[in-house]
Amino acid sequence: MSTITLNNGFEMPVIGLGLWRLEKDELRSAILNAIKLGYRHFDAAAHYKTEIDVGNAIAEAIQSGLVKREELFITSKVWNSDHGHVVEACKNSLKKLQLDYLDLYLVHYPLATKHSGVGTTASLLDENKVLDIDVTVSLETTWHDMEKTVDLGLVRSIGLSNYELFLTRDCLSYAKIKPQVSQFETHPYFQRESLVRFCKKHGVVPMAHTPLGGATANVKAFGSISPLEDPVLIGLAKKYKRSVAQIALRWNLERGTPVIPKSSKVERLKENLEILNFKLEKEDIELINTIDKKFRTTLPSLSWGVDVYA
C-alpha cells in the first residue's frame, strides 16, 4: 500500500475506506473484505454512529490474524457538540472502537454546537429550528484540546475536517502541534486548488472526502450534480480502459491528495484500490483541471437550517 509521510513522521495510506453512510449491517463484511484486498486505512467518525460496529469488525480482523493493529491506520472525528469535551469524546470513541490509540483524530467541522452529552453527536436545533451554535467555545480552545489527546497518548496525529483556507490559516497561527491532515470535499467538480496548495505549502496533507462528488447518494440527498457524468471523465475512462470513478480518484492522487471513497461492494472496493496501478498523463490531468465547477455536493445546511458556508 502506497503511503504519504505526515509532518510528524507517521505514514498514512493514500487510499482508505470512507465509512460515512455505510449501514451497520454492511460494515463488518465491508471492512473485512477491504482488509483482505489490502486496505489498511479506515475513516470513521463519532457522528456516523457506527463506531461500535467498526470496532467489532476491526477486533475480529486482528483476533483472527487477518491483520495486526500496527498495520492499520484508523481515523475518527470529534463532533460539533463535543468541542468543549474533546478528550472525553476521544476516549469515548476509543472505547467504542476497542482501540488503545487513534492514528488520526480530526475536528469534524469548525463549528461548536450545543452540547448533547459526550459521544451522542446530536445536532440540536433552537426554537426556530436552526442549528444551535455555541459561541462560547473558540476553535483555538478546541485545537488545544486536540493537542491534549496527543500529549495523553490517545492519538498519534491530529487534523482538520471541512475547514476553509482562512480557518486553516488561523489554526496554523495558534497551533503548538501543527495539523497533520486537512480533510475536505474535493473532486473534479470542486477542485479547491488554492486550499490544496495552501495546505501542502504549510506541511499539512490535504485529504479528499467525497472524492467522487458523492456520486448518486448526494444527487438523491442534496440534489447535486455528479462529476461521474462528465463527458471529459467518460472520455478519459475509455482512453485508459478504466472506470470513470477510477479516473476521478487517480486525478486526486496525482496532485498529492489522498482519497477515502466509500463502498461496501467487493468489486468496487477492488476497483478503487486499483487506482494505485496506473497514472494519468500530464495533458489529461490538465484537461480535468478545466472542468472545475466550484460545486460543493455535501450540504449539511439542508438539515441544520443555516448555511454554514455563507
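This is a quick walk through one helix pair, one buried threonine and one enclosed helix in a predicted model.

Okay, ground rules. Since it's predicted, local features need pLDDT of at least 70 and side-chain atom pairs count only at pLDDT 80 or more, while totals for chains, interfaces and linings use all residues. Numbering runs from 1 along each chain as its sequence is written, and side-chain values use heavy atoms, with hydrogens and water left out.

Let's start with H4, residues 139–151, and H5, residues 165–174. Their axes sit 10 Å apart at an angle of about 60 degrees. That makes H4 oblique to H5 (not under 35, not over 145, and not 65 to 115 degrees). H4 passes H5 in a right-handed crossing. On the H4 side the contact (heavy atoms within 4.5 Å) uses Leu139, Glu140, Trp143 and His144, and H5 brings Leu167, Cys171 and Tyr174. Those residues split into 5 nonpolar, 1 polar and 1 charged.

Next, threonine 121, in the loop between strand E6 (102–107) and H4. Is threonine 121 buried or exposed? Buried, because its relative accessibility is 2% (the cut-off is under 20%). Its side chain makes a polar contact (an N or O pair within 3.5 Å, one able to donate a hydrogen and the other to accept it) with the side chain of lysine 49, at 2.7 Å. Beyond four places in sequence, threonine 121 also touches other residues, including Trp79 and Ser116.

Last one: H9, residues 244–254. Here 10 of the 11 residues are buried, so H9 is largely enclosed by the rest of the structure. Those buried residues, among them Arg250 and Trp251, pack against strand E9 and helices H8, H10 and H11. Just after H9, glycine 256 has a positive phi of about 75 degrees.

Definitions and conventions. Axes fitted to C-alpha atoms, helices over the stretch in contact; angles between N-to-C directions. Helix = DSSP H or I, 4+ residues; strand = E, 2+ residues; numbered from the N terminus. Left-handed = near helix turned anticlockwise from the far one by under 90°. Nonpolar A, V, L, I, M, F, W, Y, C, P; charged D, E, K, R; others polar. Buried < 20%, exposed > 50% of the residue type's maximum accessible area, 1.4 Å probe, protein only.
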